[in-house]
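The following paragraphs lead the reader through one protein chain, from its overall form to its internal spaces and then to individual helices and residues. Please keep the three-dimensional view open while reading.

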Amino acid sequence: MTDERTGTPAPWQMDATDLAARIARRELSALDAARSCLERLDAVNPAINAMVGDLGAGALEEAGRADRRAEAGEPLAPLHGVPVTTKINVDQAGVATTNGVAAFTGLIAEADSPPVANWRKAGAVFIGRTNAPPFSVRWFTDNEPHGLTLNPWDPARNVGGSSGGAAAAVATGIGPLAHGNDLAGSARLPASACGIYGMRPTTGRVPAFNPTGKGERSLCLQIGSSQGVLARSVRDIRLGLETMAVRDPRDPLWVPAPLAMEGDDARVRVALFTGAPDYAIDPTVRDVLRLAGDWLSNAGYTVEEAAPPSFAEIARLWMAMLGTEMQGPAMQQAMALADEPLRRSQALTAGLSPRLSAEEMLAAFTARATYQRAWQLFFEQYPLLLMPTAWALPFPVGYDTVGESEALEVLRAHSPCCVTAFLGVPAISVPVVRAPLPVGIQLVGARFRDGLCLTAAEALGQRIGPILPIDPKG
């Protein structure tokens, strides 16, 4: 806890930016930072099950090496000595890429995936792996080998998925900076449920590749998936993204786009989107969304109610495309390795979207450019879009397996994240309200205008104030 003599918070209470600065100034050692976060892990993880596997000994060794480099006067990288976590669906050399599947618990990676490799080059210390659902294709973080991750605010509510472990770890102070990824809200929805920031960058900004993978990613994953960052401050999101987005030749789809662009600091027009037919907004979420709009207005932004093009059509199409891929031979073979809750969730969801023929899938991929063009033109008029991270509050644990009507509720509630992933645009979930239950909204921008989203998030952060780790509630 806070040092009573100096008033300095314990390392596990600090954000990554502060930790990096203190370690660089030799006010704090990397070893002390790692020990502090690992002690916090021991204290809170039994109550939430955010972290899986024990990497403590390796983390302390990494931290010790980081201190020796600093003592030798070597140049220090931006994340030098900062404790971070990685999700169990990306390769990290020497540890298992279980992806929440019992059959993969012995799948030990021989090399880092690009996000891990880039953070390693940036000096990060890896303190552990965060939980995710099987194959990271469920919005509820539960699996056979590692178990259920609980929401630290309310264990009866969904922690979100698929980066549920990452969000819970950051929220409780296990680590200040977490890797996540996002195909249909997997970084943003858990961030919203846990009261922290979660960013999905523009698709292609952060390189991706898993050396343990037996083949290339599917087409939907290639156009919609994004490696992202979860943290308790916007400046940490920026730091984590800057260091993660470095070129890796293993990803041919990586784009060398600068994070900072001209006009990022402008107080632009913002479209406030509060709902659509078949996508009713929860009154609490609506009130929080309007509060965020008022805060942006007070910060100099021009906020106007406006709906982006073809929201409902895009939401239905993306779910149909993902569902069709899930019914393909490769995914059906993989599903045989999944646990029963995921198979039931997928079976219920499959009945809610049509299975597309090969010709229809080709037409859907073609239509994506039409929708992207319409949104690009929309962003010319409104450079930022303000809308909920989800139309509803977090659901009860396991709600997606109850029945078809419940599965439909879940599907519709998470459509704001699905639409933006399909289009490949950047979006950051911002924790506007954190008690009694967190509610996040998201700021969305045109492709590669991630910096514009971050600036607006910082404006909201001025009203939200510092986000300190919470203690899990039983």
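Accessible areas are obtained here by the Shrake-Rupley method with a 1.4 Å probe. On that basis, the chain of this predicted model has an accessible surface of about 18,000 Å², and carbon and sulfur atoms contribute 53% of that area.

The overall form may be considered next. The chain contains 16 helices and 11 strands. Its C-alpha trace extends over about 60 × 55 × 45 Å along the principal axes. For 474 residues, a compact globule would be expected to have a radius of gyration near 23 Å, and the value of 21 Å for the chain agrees with this. Of the 474 residues, 61% are buried. Among contacts with a separation of 6 or more, 77% join residues that lie 24 or more positions apart.

Attention now turns to the spaces inside the chain. Rolling a probe the size of a water molecule over the atoms shows where empty space is left. A search of the whole structure yields two cavities of 30 Å³ or more. The largest cavity holds about 190 Å³ of space. It is lined by 19 residues, of which Leu189, Ala390, Ala392, Leu393 and Pro394 are the closest to its centre. Two elements, helix H6 (188-194) and strand E11 (439-445), each give two or more residues to this lining. H6 supplies the largest share, with three residues. In character, the lining of the largest cavity comprises 13 nonpolar and six polar residues, with no charged residue.

The second largest cavity contains about 90 Å³ of space. Its lining includes Thr203, Gly204 and Val206, together with Arg217, Asp251 and Leu253. By class, the lining of the second largest cavity has three nonpolar, six polar and two charged residues.

Pockets, unlike cavities, are open sets of points. The second largest pocket has a volume of about 480 Å³. Of its 23 lining residues, those closest to the centre are Arg232, Ser233, Gly465, Pro466 and Ile467. Helix H8 (234-244) and helix H16 (450-464) are the elements that give two or more residues to this lining. H16 gives the most, with three residues. The lining of the second largest pocket divides into 10 nonpolar, six polar and seven charged residues.

H8 appears again in the surroundings of two other helices. One of these is helix H1 (residues 16-24), in which Ala16, Asp18, Leu19, Ala20, Arg22 and Ile23 are buried. These buried residues pack against helix H2 (30-48), strand E2 (83-87), strand E4 (177-182) and H8. After H1 comes Arg26, which has a positive phi near 65°.

The other is helix H4 (114-121). How much of H4 is buried? Six of its eight residues are, so the helix is largely enclosed by the rest of the structure. The buried residues are Pro114, Pro115, Val116, Ala117, Asn118 and Trp119. Their cover includes E2, strand E3 (125-130), E4, strand E6 (226-231) and H8. Just after H4, Gly123 adopts a positive phi of about 95°.

The loop that joins E2 to H4 contains Ala93. With a relative accessibility of 33%, Ala93 counts as partly exposed, because that class lies between under 20% for buried and over 50% for exposed. Although Ala93 and Glu110 are 17 residues apart along the chain, their C-alpha atoms are separated by 4.8 Å. Leaving aside residues up to four places away in sequence, Ala93 touches Ala109, Glu110, Ala111 and Asp112.

A final residue to locate is Ser345, which lies in helix H12 (residues 340-350). Is Ser345 buried or exposed? Its relative accessibility is 5%, and Ser345 therefore counts as buried. Beyond residues up to four places away in sequence, Ser345 touches Arg138, Asp400 and Thr401.

Technical notes
Residues numbered from 1 in each chain as written. Predicted model: local features only at pLDDT ≥ 70, side-chain atom pairs only at ≥ 80, totals over all residues. Heavy atoms only, no water. 1 Å grid on protein atoms, 1.4 Å probe; cavity = no way out; pocket = protein on both sides within 12 Å on 5 of 7 lines; lining within 4 Å. Points joined across faces, edges and corners; volume = space filled by probe spheres on them. Helix = DSSP H or I, 4+ residues; strand = E, 2+ residues; numbered from the N terminus. Nonpolar A, V, L, I, M, F, W, Y, C, P; charged D, E, K, R; others polar. Rg over C-alpha atoms; globule rule 2.2 N^0.38 Å. Buried < 20%, exposed > 50% of the residue type's maximum accessible area, 1.4 Å probe, protein only. Contact = heavy atoms within 4.5 Å.
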